[in-house]
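Work through the exercises below with the sequence and the 3D structure at hand. Try each task before you read its solution.

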Amino acid sequence: MILHTLRYELLSLARNKRARLFTLAFPILLLVVLAGMAGHDTRTTFDGAGVSLQRFFLPGVLAMSIMTSCFAALVQVVVTRRHTGIYRRRRATPVPAHVLVVAQTLATTIIAAIAATILLVIGKAAFDIGIAPGALVAVAIAVVVGALSLCAVAFLVASVIPTPDTAQPVVQFVMFPVLFISGIWFSRDDMPHWLRMVGDALPVAHLSDALHQAVQASSFGAAFAPGDLAVLVAWGAGAAWLASRRFSWLPSTAAATS
Amino acid sequence: MLTPQLDVASAAGRARAAQVPAGDPVIRVRGLRKAYGDQFAVRGVDLDVHRGEVLALLGPNGAGKTTTISILEGFLTPDAGEVDVLGHHPATAPLAWRERVGVVLQESAPEAALTVRECLEMHAGWYRAPRDVDETLALAGLTDRAGRYGAQLSGGERRRLDVALALVGDPELVFLDEPTTGFDPAARRAAWDTIAGLRDLGVTIVLTTHYMEEAERLADRIVVLTDGLVRAEGPPATLGARDRAAATVRFTLPAGAELPGELAARAGAVRGRVELVSASPMTDLHALSGWALEEGLELSDIEVRRPTLEDVYLDLTNPTAGSVS
């Protein structure tokens, strides 16, 4: 039943123009502009080691793309579906709640993984940002773990947002500061200590760090970042647990109509 | 879609209609209460719905119709009262209970990026024994819209999709919350045929509506709610003692003619016509026509009007009116 539902969730997502624009077109544009501007010779650091700005931006844009599709877009979709009665209508059928959540999460993760693949291909083709085969496995693991974790966070955030109108500003308010402090556009090496601490407490910096480490390493051993992944898993599990207690399929205003 | 729907009716539905004795209670509600904060929405509703019956819930906005139906659908937990729908309390019923219940919500958006057929296929996949998708499309009059995306559907088509989604599980009980709101007259007729077809299959139906004609056409029984209480209950023909209420006889009196004394004493003039409220219209008509024939008058626009369901309903729901027996 999960696979059955997943098929239609994938169709829905793949046909959604807005989703294509934000989770695919925008990150590609950003990668091309940032990497194109940076050129080959500009350098920054990751975890103390020097790295070309081009190679620095690729994992940054990957992390941003995942955050856009698995957090921002998912929150919007969930809140909208709840508000417009789509979830209520689905829950009027015998489909178990976990089937709906798992199918939607998997579909979102698959789309995020496809977007990440496209970004990696463009990085290689347009800017010659090659990644060692072993490191590529680590990238894939980080993408999937990060996507699943952020999906869980999205369901948790969606459980406290009442309407689609409030979703947009809340998501933007959360997303922009988090992206800035998570080492996506600026190296975390140059940030003050307290800001690094804030970033460390949140999942996106760990996703970004795991991807940076993977993209710059030459072997799986060096690319794999168990510490960062563990934080992502913990965030995902914690958010999923809280969301399972807080999340409602019905709009909060349902009670007011009689 | 007038007659073919009976041909596409599911075998399961027919079998069920044949097996189950009429009158078997499907819904039983006693002393139902629900408040939002200190505002009571439902203040002690009793309700019985029998198998194969079409029950219409009428009442002004805020009377508690949707609250009641939401509780029966299991989306809202009541504060007090007994609720039994197909042997379960809806709020705690197992998922298997949903196999037997179809729901058309008052408002629900279509799945914008799925076609009508895909949406039905997705929902059908959630049931153990769904109705055939093509059959369901035909039943809801959506066969020629099967390839349209949800986002492209007109208001009436969306509503028909809602109805199709409620039927794709081949339910034995269907809740329809204002199923034809926003329909044009032709679409409404078509929807009535669909609903009447369901009744012929033995499906039990609870519907809310603001259209008196809809209730009169479809319902075996009407329950009028006001202020969270059952105000009146009965078949459309006798609701609120409608069958025993006085009739009104109206006609235009030709120039110069004068009614005989007894009738003239009771007649009033409304917009140039004579209006006679009559507890026994046969007697009055007899007297009237006898007099007209004698005088050689033709009362060409004469009409006798019983109170319509709408008259009775407005009377029942008028907050300034007294209580009705």
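**Exercise 1.** How many residues does the largest nonpolar core have, and which residues have the most contacts inside it?

*Solution.* Begin with the conventions: this is a predicted model, in which local features need pLDDT of at least 70 and side-chain atom pairs count only at pLDDT 80 or more, while totals for chains, interfaces and linings use all residues. Residues are numbered from 1 along each chain as its sequence is written, and chains are lettered from A and ligands numbered from 1 in the order in which they are written.

A nonpolar core is a set of buried Ala, Val, Leu, Ile, Met, Phe, Trp, Tyr and Cys residues joined through C-beta atoms within 7 Å, and a residue is buried if 20 or more other C-beta atoms, placed from the backbone, lie within 10 Å of its own. The largest such core has 76 residues, and those with the most contacts inside it are Ile66(A), Cys70(A), Val75(A), Ala142(A), Ala154(A) and Ala214(A). Several helices of chain A each supply at least two residues of this core, including α2 (17-38), α5 (97-127) and α9 (203-216), but α3(A) gives the most, with 18 residues.

**Exercise 2.** Describe the make-up of chain A and say how compact this chain is.

*Solution.* First count the elements, where helices (H or I, at least four residues) and strands (E, at least two) are DSSP runs numbered from the N terminus: chain A has 11 helices and 2 strands. The radius of gyration of chain A, taken over C-alpha atoms, is 19 Å, close to the 18 Å that the globule rule (2.2 Å times the number of residues to the power 0.38) gives for 258 residues, so chain A is as compact as a globular protein of that length. Finally, buried residues make up 48% of the 258 residues in chain A.

**Exercise 3.** In what order do the strands of the open sheet in chain B lie, and which of them stand at the edges?

*Solution.* Two strands pair if DSSP finds at least two bridges between them. The sheet has 4 strands in the order β11-β12-β10-β13 (chain B), with antiparallel pairing. At the edges stand β11 (267-270) and β13 (303-305) of chain B, each with a single partner strand, so one side of each is left without a neighbour in the sheet. For β11(B), 4 bridges lead to β12 (residues 273-278) of chain B, where Leu276(B) is the bridge partner of Ala267(B).

Definitions and conventions: Buried ≥ 20, exposed ≤ 12 C-beta atoms within 10 Å, placed from the backbone.
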